[in-house]
Amino acid sequence: MLAVERQLQTKVSYQFIPLVNMKTIQHTLDLYHLSRCHLKQRQCVSCMLYQVALDIKAASFQGGQHGRQYLVNVQKIMSDRTVEYTDEIVKRIAQLANLDWATFTEDRHSQMVRKSLRKDQTIADDLGVIDTPTAIVLDTCDPDYSLLIHDFTYQKLIDCARHGQLHINQDHRLVHK
């Protein structure tokens with residue numbers, strides 16, 4: 001993200017929202033070559049994705065950087081499709097993200113984390129986000145302006161700024177052109 005800030009010469013603030021919906025569940029089933037029709041497999045994948053989302057949210061309660069680091073570590077470790085998301089793996093990922101284990105364990109099962117995740121899912125739904133990775137660029141100086149970027153990459157954000165979908169004003173803020 002620092003490279004994006006340097007290239008755009010502006011401060012960029014971001015928040016990751018783990019998305020759990022039918023599309024992400026189906027995508028995961030396909031990724032692991034599991035049957036979309038096998039109800040038990042679908043339910044297991046759904047529960048696992050929901051727990052991962054709760055854990056990312058719980059990690060973020062210890063600071064946004066911890067949440068992002070937890071997310072990155074989940075992606076790295078779970079990219080090995082033979083690894084299961086077990087308590088042992090969760091502990092390893094939490095250690096890599098420098099989380100306080102006792103706090104994380106309590107938070108990941110708390111009602112507060114569930115409520116916060118539910119709120120995030122509602123926001124994503126209200127904004128029309130149905131697939132990952134998707135980014136919504138908001139201009140804090142112009143609340144009426146936002147840009148939805150499907151199949152998000154940092155390069156796409158930079159390209160949007162360069163091709164006139166955004167521009168940077170003299171105060172170095174992203175604004176609508």
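**Group meeting: one pocket and three helix contacts**

I'll start with the second largest pocket, which is lined by Y32, L34, V45, M48, M78, R81, T82, V83, E84, Y85 and T86. Before going on, please note that this is a predicted model. The volume of this second largest pocket comes to about 190 Å³. Sorted by class, its lining holds 7 nonpolar, 2 polar and 2 charged residues. The polar ones are T82 and T86, and the charged ones are R81 and E84.

Now to the helix packing, beginning with α3.

Helix α3 covers residues 39-60, and helix α7 covers residues 111-126. Their axes come within 9 Å of each other and cross at roughly 105 degrees. Angles of 65 to 115 degrees count as roughly perpendicular, so α3 is roughly perpendicular to α7. On the α3 side the contact uses Y50, A53, L54, K57 and A58. On the α7 side it uses V113, R114, S116, L117 and D120. By class, that contact has 6 nonpolar, 1 polar and 3 charged residues. The polar one is S116.

Next, α3 against α6. These two pack at an angle of about 130 degrees, and their axes are 9 Å apart. That angle makes α3 oblique to α6. The crossing of α3 past α6 is right-handed. From α3, the residues in contact are Q51, L54, D55, A58 and A59; from α6, they are F104, D107 and R108. This set divides into 4 nonpolar, 1 polar and 3 charged. If you are following on the structure, L54 and A58 of α3 are in the contact with α7, and L54 and A58 are also in the contact with α6.

The last pair is α5 and α6. Helix α5 is residues 87-96 and helix α6 is residues 101-108. They pack at about 125 degrees, with axes 11 Å apart. That makes α5 oblique to α6, and α5 passes α6 in a right-handed crossing. The contact takes D87, V90, K91 and A94 from α5, and W101, F104 and R108 from α6. Its residues divide into 4 nonpolar, no polar and 3 charged.

One thing to look at on α6: which of its residues meet α5? They are W101, F104 and R108. F104 and R108 also appear on the α6 side of the contact with α3, so to speak doing double duty in the listing.

Definitions and conventions. Residues numbered from 1 in each chain as written. Predicted model: local features only at pLDDT ≥ 70, side-chain atom pairs only at ≥ 80, totals over all residues. Heavy atoms only, no water. Axes fitted to C-alpha atoms, helices over the stretch in contact; angles between N-to-C directions. Helix = DSSP H or I, 4+ residues; strand = E, 2+ residues; numbered from the N terminus. Parallel < 35°, antiparallel > 145°, perpendicular 65-115°, else oblique. Left-handed = near helix turned anticlockwise from the far one by under 90°. Contact = heavy atoms within 4.5 Å. 1 Å grid on protein atoms, 1.4 Å probe; cavity = no way out; pocket = protein on both sides within 12 Å on 5 of 7 lines; lining within 4 Å. Points joined across faces, edges and corners; volume = space filled by probe spheres on them.
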